[in-house]
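Visitor: I've got a model open on the bench screen and would like a walk through it. Can we take it a piece at a time?

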Amino acid sequence: MKLALAPMGDVEDPSYTKDDEHDLWPLDEINPTKARFPCCLVWTPLPVVSWLAPFIGHVGLCMEDGAVVDFSGSNFVTVDDFAYGAVARYVQLDREQCCFPSNLASHTCKYRYKHAEKGSAISWDDAVQLSRRHFEHKSYNLFTCNSHSYVANCLNRICYGGSMNWNMLSVAALVLFMGRWVDAMAVVRSFMPFIVMVCFGVSIVGWPFLMGLMSFCLLLILWFCVGNFCLKNVLEC
């Protein structure tokens with residue numbers, strides 16, 4: 001009696017799934033009370049800056065256990081201690097849209113060689129930790145190297161959404177258009193200082209204050225647009 005042995009590569013384990021390949025175990029539920037946002041991009045308003053431009057804030061990226069990791073100062077990346085206050089908005093990212101190659105041959109994204117050259121990660125937490133170590137040696141600057149730069153670096157390491165062109169603008173747009181508010185109080189906390197500032201400025205200075213504020217916001221937007229698309233070397237960190 002002869003036994004025909006199938007080649008190892010042809011044997012399929014019915015219990016094997018794509019999740020096993022990348023250790024995509026189920027995530028815990030989002031829990032704002034305990035400040036747990038598994039695999040989320042999180043946002044909170046910045047003191048003073050968000051009072052003048054409420055679309056600008058501080059961001060971080062959460063690990064699979066929900067702990068927030070954020071670049072909050074020169075040579076300083078905090079873990080599970082979100083700088084500038086509690087999370088106000090969040091976007092839960094899909095690990096299925098990530099490329100986690102264990103070697104060059106296992107890349108699933110179209111940027112196979114570029115991804116390997118720029119620095120890939122084998123898991124979500126690995127990407128967060130690699131970017132953390134990278135930014136622990138960077139100087140913080142609101143206009144050139146900030147928390148958005150850190151998140152963009154993480155997303156590029158995992159080629160999130162099949163893209164390696166993540167930058168400060170695209171991260172900000174993701175929060176702006178896809179972000180969910182934690183609760184009603186988070187909305188109040190984010191916009192109330194801006195409303196008070198506008199009312200106070202208009203009452204004291206008049207409408208020129210509002211025009212000046214709008215000009216300030218437009219200049220900020222213009223700088224980040226020009227910087228990210230025309231002066232990449234200046235904003236790359």
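Visitor: Which strand does V91 lie in?

Guide: Quick ground rules: this is a predicted model, where local features need pLDDT of at least 70 and side-chain atom pairs count only at pLDDT 80 or more, while totals for chains, interfaces and linings use all residues. Residues are numbered from 1 along each chain as its sequence is written, and side-chain values use heavy atoms, with hydrogens and water left out. Helices (H or I, at least four residues) and strands (E, at least two) are DSSP runs, numbered from the N terminus. On that footing, V91 belongs to residues 89-92, which form strand β5.

Visitor: Is V91 buried or exposed?

Guide: Buried means under 20% relative accessible area, exposed over 50%, and partly exposed in between (1.4 Å probe, protein chains only). V91 comes out at 8% relative accessibility, so V91 is buried.

Visitor: What does V91 touch, not counting residues up to four places away in sequence?

Guide: A contact here means heavy atoms within 4.5 Å. G179 is one of the partners, and its C-alpha is 4.9 Å from that of V91 although the two are 88 residues apart in sequence. The full list for V91 is C39, C40, L41, L174, V175, M178 and G179.

Visitor: Where is A186, and what is it in contact with beyond its neighbours within four places in sequence?

Guide: A186 sits in helix α7, residues 184-204. With 3% relative accessibility, A186 counts as buried. Leaving those sequence neighbours aside, A186 is in contact with A88 and W181.

Visitor: How many Å separate the C-alpha atoms of A186 and T44?

Guide: Along the chain, these two are 142 residues apart. In space, the separation of their C-alpha atoms is 8.7 Å.

Visitor: At what angle do α7 and α8 pack?

Guide: Axes are lines fitted to C-alpha atoms, for helices over the stretch in contact, and angles run from 0 to 180 degrees between N-to-C directions. Under 35 degrees counts as roughly parallel, over 145 as roughly antiparallel, 65 to 115 as roughly perpendicular, and the rest as oblique. The axes of α7 and α8 are 7 Å apart, and the angle is about 135°. That makes α7 oblique to α8.

Visitor: Which residues make the contact of α7 with α8?

Guide: For sorting, Ala, Val, Leu, Ile, Met, Phe, Trp, Tyr, Cys and Pro count as nonpolar, Asp, Glu, Lys and Arg as charged, and the others, Gly among them, as polar. This contact divides into 7 nonpolar, 1 polar and no charged. From α7 come F194, M197, V198, G201 and V202, and from α8 come F209, L210 and L213.

Visitor: Which residues of α8 are buried?

Guide: Helix α8 covers residues 207-229, and its 23 residues reach 33 Å from first C-alpha to last, close to the 33 Å expected at 1.5 Å a residue. That expected span is 1.5 Å times one less than the number of residues. The buried ones are L213, C217, L220, F224, G227 and N228.

Visitor: How does α5 lie relative to α6?

Guide: α5 and helix α6 (residues 168-178) have axes 8 Å apart, at an angle of about 95°. The contact uses H148, S149, V151, A152 and L155 of α5 with M168, V171 and A172 of α6. By type, these are 6 nonpolar, 2 polar and no charged. Given that angle, α5 is roughly perpendicular to α6.

Visitor: What is S149 in contact with, leaving aside neighbours within four places in sequence?

Guide: S149 is in helix α5. At 9% relative accessible area, S149 is buried. Its contacts are F135, T144, M168 and C237.

Visitor: What about α4 and α5: at what angle do their axes cross?

Guide: Helix α4 is residues 124-135 and helix α5 is residues 147-157, and their axes come within 9 Å. The crossing angle is roughly 135°.

Visitor: What is the phi of C159?

Guide: C159 is in the loop between α5 and α6. At 2% relative accessibility, C159 counts as buried. C159 is not a glycine, yet its phi is positive, at about 50°.
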